[in-house]
Amino acid sequence: MSTERAPAPVEERPGGSAALSGRSWALLLVLCGAIFLEGIDVAMLAVAIPTIRADLGLSTGTAAWVVSGYVLGYAGFTLLGGRAADLLGRRRMFLGWLVVFLVFSAFGGLATEGWMLVVSRFVTGVASAFMTPAALSVITTSYPEGPQRNKALLVYAGTSAGGFSLGLVIGGLLTQIGWRWVFFAPVLLAAAILVAAVRLIPAERPPIRKGGFDLPGAATAAGAMLLLTYGIVRLEHGLDGWTFTLAAVGAGLLLAGLFVLVERRTPAPLVRLGILRRAPLVRADLGALLLLGSFMGFQFMTTLYLQELRGWGSLETSLALLVMGIDVVLAPTVTPILVNRFGYGRVILSGFALAALGYALFLPVGSDWTYLMMLPTLLSLGLAFGLAYGPLTIAATDGVDAGEQGLAGGLLQTATQFGAAVGVASVTAVYGLVGPGADGFRAALVVPVVMALVGVAVAVPGARRGAPGRR
């Protein structure tokens with residue numbers, strides 16, 4: 001397999017450090033723009049969905065599918081999207097699916113029926129599943145492994161967090177003007193990114209693979225991911241329709257098993273199963289699942305707590321949660337210093353430990369808590385995410401062959417999307433079983449605590465002594 005890669009856009013300096021040139025910074029910012037677009041798009045819709053539901057008269061089920069449709073498309077196709085970047089060309093996948101994202105986001109802004117919104121969100125989710133791993137693999141194949149790539153990945157991670165954090169506030173503001181701008185604003189941003197990307201992302205020649213494209217592997221992988229994601233999303237219904245949920249998960253597992261058999265026998269597999277023998281990669285992906293799952297579950301329940309139990313408005317809630325966006329500053333500035341000094345394994349472990357502490361501090365939450373009582377948790381979670389998320393990205397791609405960087409990115413993004421789905425579905429299911437009120441919120445918030453503690457256990461093996469910047 002060819003491992004051809006674009007020239008590294010860095011200026012080498014003595015001592016192993018590197019300074020990014022103006023053009024390489026421009027390329028990085030364009031690629032970061034894609035993950036910012038994905039984050040801001042999700043966050044804005046989360047704030048706007050109650051207004052959209054009221055304006056279009058959507059049922060509860062349809063409103064839920066407007067949110068779940070995106071998760072289904074994203075998680076269902078991210079593994080395939082990551083590998084397609086390796087096999088069909090990273091630039092081609094990035095540009096082509098960015099256009100799809102733009103078109104269907106505009107379609108959502110013009111929606112007059114619930115089904116139009118569901119279709120829009122599903123297809124934009126699929127577009128993100130192909131676009132995001134492609135962007136990540138352009139970074140990991142354009143910057144040399146070590147301090148240069150670490151710096152680029154940490155900036156990328158900080159931008160991702162910034163998109164979500166700022167999206168909560170921007171979504172609240174745009175919803176006040178009109179909810180359709182929640183869809184049209186990403187169109188404008190996507191168009192600007194597209195114009196810049198055409199000029200800045202280097203052309204490449206995708207590797208030539210003997211045996212053609214693994215269509216059976218692609219079909220079974222996509223089917224398995226879609227069914228498993230659907231089953232996870234349905235967990236939020238608790239025991240209601242549990243047989244259907246179990247059937248979806250069972251069918252997904254059967255297809256996953258079939259996928260493994262296909263990949264073992266085909267001469268040109270979509271996914272080289274040997275990559276899963278890399279312990280650092282597996283730990284990083286599992287860690288990303290737990291980090292995003294705990295964080296998204298907490299954010300979802302906190303939003304419900306502030307709006308339903310406390311009666312806060314959407315903009316007021318967004319501003320309250322904005323302090324968690326401290327990771328936007330921390331990830332590209334402080335985290336690189338810590339990674340270079342202590343190694344990414346130890347930084348990841350400290351992030352999970354801080355997250356577990358933050359979630360635990362919120363467990364006694366009551367209906368009369370002041371914002372100052374919530375602030376220690378919100379601040380510690382922003383710090384924890386800034387410490388852990390970027391280094392997990394480094395760990396998930398470190399040492400992987402250039403020809404499989406898209407696959408590594410796809411595995412990481414699949415883990416994050418599965419984590420988000422598991423986290424939100426789990427807290428929703430617990431809340432539904434216990435019932436509304438402060439008791440229900442406290443019970444549901446145990447889920448993020450448990451996920452963070454499991455994350456600590458997963459991170460411990462990677463925090464053993466080693467060279468700075470390594471596992």
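Helix α9 is the biggest contributor to the lining of the second largest pocket, giving five residues. The model here is a predicted one, and in it this pocket takes up about 600 Å³ of space. Its lining runs to 21 residues, and those closest to the centre are Leu79, Met225, Leu276, Leu411 and Thr414. Besides α9, the helices that put two or more residues into the lining are α7 (215-234), α8 and α14. Chemically, the wall leans heavily one way: 19 of the lining residues are nonpolar, with one polar and one charged residue making up the rest.

Helix α9 turns up again in the closed voids. The structure has four cavities of 30 Å³ or more, and the largest of these holds about 130 Å³. Fourteen residues line this largest cavity, with Arg283, Ala284, Ile348, Ala459 and Gly462 lying nearest its centre. At least two lining residues come from each of α9 (279-309), α12 (344-362), α13 (371-397) and α16 (446-459). Sorted by class, the lining of the largest cavity comprises nine nonpolar, three polar and two charged residues.

Turning to the outside, a nonpolar patch sits on the surface, made up of Leu239, Trp242, Leu246, Leu433 and Val434, and together these residues have about 580 Å² of accessible area. Two helices, α8 (242-265) and α14 (405-434), each give two or more residues to the patch. Both helices also feature in the lining of the second largest pocket described above. Within the patch, Trp242 belongs to helix α8. Its relative accessible area is 49%, so Trp242 counts as partly exposed, given that the exposed class starts over 50%.

As for charged pairs, the model has six salt bridges in total. One of them joins the side chains of Arg121 and Asp41, at an N to O distance of 2.8 Å. This pair ties together distant parts of the chain, since Arg121 sits in helix α4 (residues 114-142) and Asp41 in helix α1 (residues 22-56), with the two positions 80 residues apart. Arg121 and Asp41 are both buried.

Another salt bridge pairs Asp86 with Arg90, whose closest N and O atoms lie 3.0 Å apart. Here too, both partners are buried. This pair is also part of something wider, as Arg83, Asp86 and Arg90 are linked in a salt-bridge network.

The bridge between Glu145 and Arg149 has its closest N and O atoms 3.8 Å apart, which falls within the 4 Å cut-off for a salt bridge. Which of these two partners is buried, and which is partly exposed? Glu145 has a relative accessibility of 36% and so is classed as partly exposed. Arg149, on the other hand, has a relative accessible area of 4% and is therefore buried, the limit for that class being under 20%. The pair thus combines a partly exposed acid with a buried base, whereas Arg121 and Asp41 are both buried.

Definitions and conventions: Residues are numbered from 1 along each chain as its sequence is written. This is a predicted model: local features need pLDDT of at least 70, side-chain atom pairs count only at pLDDT 80 or more; totals for chains, interfaces and linings use all residues. Side-chain values use heavy atoms; hydrogens and water are left out. On a 1 Å grid over the protein atoms alone, a cavity is a set of points where a 1.4 Å probe fits but cannot get out, and a pocket is an open set with protein on both sides within 12 Å along at least five of seven lines; lining residues have an atom within 4 Å of a point. Grid points are joined across faces, edges and corners, and a volume is the space filled by probe spheres set on the points. Helices (H or I, at least four residues) and strands (E, at least two) are DSSP runs, numbered from the N terminus. Ala, Val, Leu, Ile, Met, Phe, Trp, Tyr, Cys and Pro count as nonpolar, Asp, Glu, Lys and Arg as charged, and the others, Gly among them, as polar. Patches are made of residues with over 30% relative accessible area and no salt bridge: like charges are joined within 9 Å, nonpolar side chains (Val, Leu, Ile, Met, Phe, Trp, Tyr) within 5 Å. Accessible areas come from the Shrake-Rupley method with a 1.4 Å probe; for residues, only the protein chains shown count as cover. Buried means under 20% relative accessible area, exposed over 50%, partly exposed in between (1.4 Å probe, protein chains only).
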